[in-house]
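Biologist: I am new to this structure and would like to learn how packed helices and buried residues are read. Could we go through some cases together?

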Amino acid sequence: MASTLPFITHQHWMFRVWEFGRIQVLVLQIITLALGIIFVEDKSLIFWGIVLLHTGLLINHAIILIPYTTMYRKNPFESIAKHSETISIISVNVYQFNERYQELIKLVREVKPDILLTMESNQAWEDAMAEIEGEYPNFKKVALENTYGIHFYSKLKVKSIKVNYFIADDLPSIEASLLTENGKPFTFFGVHPPPPSPTEEDTSRERDGELLSLGKKVLKTKDPVIVVGDFNNVAWAKSSILFRKTSELIDPRIGRGFVSTFHARYRLLRFPIDLFFHSTDIFIEDFKTLRDIGSDHLPLFCKFFINLKEDVQEEEVETLEEGEKDEVEEMIEDGIEEESDRPKLATE
């Protein structure tokens, strides 16, 4: 059932949540299949029919997941000329009720990223992070107590920073127009839509609408683009793929590995929901998770540079097919129309 429910395109959490655990489901299915073949003595037609079903579902999992492993080809960056300095980002969902503020501050001072994005950061986190504002003089702070607060800090020169509300007035996202030290412009988007789950949103409508609205905005952006944040979605989910096609951005996980971020405390139940996408003129040097800061998410780290001339990554861009364009518009409308009952003050 965990393998077949994602085939149903309904946006209720009951169908969408199983996309998250595809890696774990694949492993459990291999174990189940092996144990069945070894220990079941009555190998009837029904048994072999079940084996055939298992095998087909395993192949489906493999087709979906293999691009997100190191077995998959990726373009090397070693021979690409740098048109900008190397820029680094830490993106982390801090978990609003996590009070280990100094763990993140120590990590930031150790890694020294050019950009820091925090999600689920409320007023207490904002007060704690005031300690680094001397090192990160350009910032945008949206402290909320509903687990959707978001804070942006940067050492880089800023042309503009603004807060977008694509779907709901309590779901902020960040848009920053930045300059590298040698004057190369690029645009940074930070996003944190709500997840479909039995404890939060019944459906993925708001999440999908938020991501696809952002995808359309990204497509109109002329400068190099970075999109990062807690997507509350795995990279191989349909709505993530539609976002990638709508925005015409690249997923750096393809060919590099899963880089799983959630849940920080349970390694075997971990999957990648803190995502990162970039335009073809952004080249990734390093992409990984960092150490635990007491949150349920591991921090995501990326280091990249800009090259405006090389077209080696153009072939990695996917675009929407005709039928998908209508689907995207419908999902955005559904997200806008969805009425959420999120409390203004979240409790643990």
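Modeller: Let us begin with one pair of helices, keeping in mind that this is a predicted model. Helices α6 and α7 are roughly parallel to each other, because the angle between them is about 15° and angles under 35 degrees count as roughly parallel.

Biologist: What describes two packed helices in general?

Modeller: Two packed helices are described by the angle between their axes and the distance between the axes. For α6 (residues 205-219) and α7, the axes are 7 Å apart, and the crossing is right-handed. The contact brings together residues of α6, including Arg207, Leu211, Gly215 and Leu219, and residues of α7, among them Ser239, Leu242, Phe243 and Thr246.

Biologist: At what angle do α7 and α8 pack?

Modeller: Helix α7 (residues 238-247) and helix α8 (residues 322-337) pack at an angle of about 110°, with their axes 11 Å apart. That makes α7 roughly perpendicular to α8, and α7 passes α8 in a left-handed crossing. On the α7 side the contact is made by Lys238, Ser239, Leu242, Lys245 and Thr246, while α8 contributes Glu324, Glu327, Val328 and Met331.

Biologist: Are α2 and α3 roughly parallel or roughly antiparallel?

Modeller: Helix α2 (residues 22-39) and helix α3 (residues 45-65) pack at an angle of about 150°, and their axes are 10 Å apart. That makes α2 roughly antiparallel to α3, since angles over 145 degrees count as such. The crossing of α2 past α3 is left-handed, and the residues that meet include Leu26, Ile30 and Leu33 in α2 and Val51, Leu58 and His61 in α3.

Biologist: Turning to single residues, is Gln11 buried or exposed?

Modeller: Gln11, in the segment before α1 (13-16), is buried because its relative accessible area is 12%, and buried means under 20%. Its C-alpha atom is separated by 8.5 Å from that of Asp202, although the two residues are 191 residues apart along the chain. Leaving out residues up to four places away in sequence, Gln11 touches Arg16, Asp202, Thr203, Ser204, Arg205, Asp208, Met331 and Asp334.

Biologist: Which side chain of opposite charge is nearest to Asp114?

Modeller: That side chain is Lys155, 5.5 Å away, and Asp114 is buried yet has no salt bridge; a salt bridge would need the side-chain nitrogen within 4 Å of a carboxyl oxygen. Asp114 lies in the loop between α4 (101-111) and β2 (115-119), and beyond its neighbours within four places in sequence, the residues in contact with Asp114 include Thr86, Tyr136, Tyr153 and Lys155.

Key: Residues are numbered from 1 along each chain as its sequence is written. This is a predicted model: local features need pLDDT of at least 70, side-chain atom pairs count only at pLDDT 80 or more; totals for chains, interfaces and linings use all residues. Side-chain values use heavy atoms; hydrogens and water are left out. Helices (H or I, at least four residues) and strands (E, at least two) are DSSP runs, numbered from the N terminus. Buried means under 20% relative accessible area, exposed over 50%, partly exposed in between (1.4 Å probe, protein chains only). Lys and Arg count as positive and Asp and Glu as negative; His and the chain ends are not counted. Contact means heavy atoms within 4.5 Å. Axes are lines fitted to C-alpha atoms, for helices over the stretch in contact, and angles run from 0 to 180 degrees between N-to-C directions. Angles under 35 degrees count as roughly parallel, over 145 as roughly antiparallel, 65 to 115 as roughly perpendicular and the rest as oblique. A crossing is left-handed if the near helix is turned anticlockwise from the far one by less than a right angle, and right-handed if clockwise.
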